[in-house]
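Subject: Structure for your review

Dear colleague,

Please find below the structure that I am handing over to you. My notes on what was found in it follow directly after.

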Amino acid sequence: GASLLTGSRQTTAQTETAAQPEASSSTGTTLFEGQRETEALTVAHVDTSRELTAAEVYAENVNSTVGITTSITTNYWGYQTQSAAAGSGFILTADGYILTNYHVVEDSNSITVSLYDGSTYDAKLIGYDESNDIAVLKIDATDLAPVVLGDSDTLNVGDSVVAIGNPLGELTFSLTTGVVSALDRPVTFSTGSTMNLIQTDCAGNSGGALFNLYGEVIGITNAKYSSSSASSEASIDNIGFAIPIDQVRSIFESIITNGYIVKPYIGVTVSDVSAESQSYGLPQGAAVRSVTENGPAAEAGLQENDIITTVNGEAITGSNDLVKLVKAASAGDTLELTVYRQGQTVTLTLTVGEQKTDALPTQTVDETQQPQSQNPYDGQYGGQSNGQSGDSFGSWPFGFGFGG
């Protein structure tokens, strides 16, 4: 089976075969149930206690870095045109699982992966999570050099980082260095989705790995600051972004092992409380726009127009704070909510549920989950939300584009 490598050092706590239907000898009605083996994913620990130079990080990981090119066929008024796109990725397992950005392979008809030694492979898209901009690919290869996964939650502003990838899709297997400029930076893209990202001054490359100086992957480079929401516009130097690896690890592991994605789910959409509304006496927090019928929030007694002000004693200043806490939770976890409701303070206990979605077509498997919308919403309290059920976000006032 596939095996992930995780870094281990004192400062970091790390510890399909299709069944053929058989004829029934009875005259009754028979249901056939599919059965297949799931991918066995094991985790091996690697000693990463020694701090490395940037040159050593490159030497140890350049063979784990891949270039990705795609072919995209577009139909314009009955005429088909083909175009190519390029990005980066990195090897997760020795048997050929690769992680990259979803926007690198989005709408592609074919995907080709190039290794540092010059060999190329046709890649299959195993699954993706568009909302977190990640995709898992698989190539038919063995004895590859996988990366070592680190712990992005231990990062500090000022920590040195190294990126390896293909900036602009042309400057293959390049090394860039920098530092962590900010953590948990909420960034809203032109698609309307918002993510909490690592901000660096390290030149980026979409889908490439961001390493710490222990040689561990702590992020996936996915965006650069742009003067507009289009990445083709002039970019501002020394501002890049990466997805924290801890934020998406359970998602790509679920894609590999299960073929579907499991996320914590509470069944609400929320928005920010505007400064104007706060000036009239409303508290800051996450304002509940809607509550999914029979969902965890509904069962806990949460109602539309409630304002969630604390979760487990931690202050909620806006919708993004709530989303971050829910994403960090697991199914079955208990959340104690302090809620402002029509001038009164109410305490509610909510048990986090589970949302399952198919890893390939973006369709919902969990019947209790409402369809997602990307349309901005101006809520009762003046804040904005992108309308994603269970994962709604506030706005961020700049334009960002996915960077090459």
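In the hairpin formed by β19 and β20, two residues lie between the strands, and Asn312 takes a positive phi near 50 degrees. Please keep in mind that this is a predicted model. The two strands of the hairpin, β19 and strand β20 (residues 314-315), pair in the antiparallel sense over two bridges. Within this pairing, Thr310 stands opposite Ala315 in β20.

Strand β19 has further partners. Strand β18 (residues 286-291) runs antiparallel to β19 and is joined to it by two bridges; here Ala287 stands opposite Ile307 in β19. Four bridges join β19 to β21, again in an antiparallel arrangement, and Ile308 stands opposite Val339 in β21.

How many of the five residues of strand β19 are buried? Five of the five residues in this strand (residues 307-311) are buried, so β19 is largely enclosed by the rest of the structure.

Strand β21 (residues 334-341) also contains Arg341. Is Arg341 buried or exposed? Its relative accessible area is 19%, and because the cut-off for buried is under 20%, Arg341 counts as buried. The side chain of Arg341 reaches the backbone oxygen of Gly301 at 2.9 Å. Leaving aside residues up to four places away in sequence, Arg341 touches Gly301, Leu302, Gln303, Asp306, Val346 and Leu348.

Two other residues deserve a remark on their backbone. As background, most residues other than glycine have a negative phi. Asp133, although it is not a glycine, has a positive phi of about 55 degrees, and Asn294, also not a glycine, has a positive phi of about 65 degrees. Asp133 lies in the loop between β7 (120-129) and β8 (134-139), whereas Asn294 is placed in the loop between β18 and α5 (296-300). Their surroundings can be read from accessibility: Asp133 counts as buried at 3% relative accessibility, while Asn294 is exposed, with a relative accessible area of 57%.

I turn next to helix α3 (residues 245-258), which has 14 residues. From its first C-alpha to its last, α3 reaches 19 Å, close to the 20 Å expected at 1.5 Å a residue. Several residues of α3 are buried, among them Ile245, Val248, Ile251, Phe252, Ile255 and Ile256. The buried residues of α3 also include Arg249, Ser254 and Thr257. Just after the helix, Gly259 takes a positive phi of about 80 degrees.

Finally, there are the nonpolar cores. In soluble globular proteins, nonpolar side chains tend to be buried together. Which residues touch the most other members of the largest nonpolar core? Of the 35 residues in this core, they are Leu92, Leu99 and Phe252. Helix α3 gives the most to this core, with six residues. Phe252 touches Leu4, Leu92, Leu99, Ile134, Val136, Leu149 and Ile245, not counting residues up to four places away in sequence. Apart from the largest core lies another core, of 20 residues, including Ala286, Val311, Val326 and Ala329.

When you view the model, you may wish to begin with the hairpin of β19 and β20 and then turn to Phe252 and its contacts.

With kind regards

Key. Residues are numbered from 1 along each chain as its sequence is written. This is a predicted model: local features need pLDDT of at least 70, side-chain atom pairs count only at pLDDT 80 or more; totals for chains, interfaces and linings use all residues. Side-chain values use heavy atoms; hydrogens and water are left out. The expected span of a helix is 1.5 Å times one less than its number of residues. Buried means under 20% relative accessible area, exposed over 50%, partly exposed in between (1.4 Å probe, protein chains only). A polar contact is a pair of N or O atoms within 3.5 Å; within protein, one must be able to donate a hydrogen and the other to accept it, and residues adjacent in sequence count only if both atoms are side-chain atoms. Contact means heavy atoms within 4.5 Å. A nonpolar core is a set of buried Ala, Val, Leu, Ile, Met, Phe, Trp, Tyr and Cys residues joined through side-chain atoms within 4.5 Å. Two strands pair if DSSP finds at least two bridges between them.
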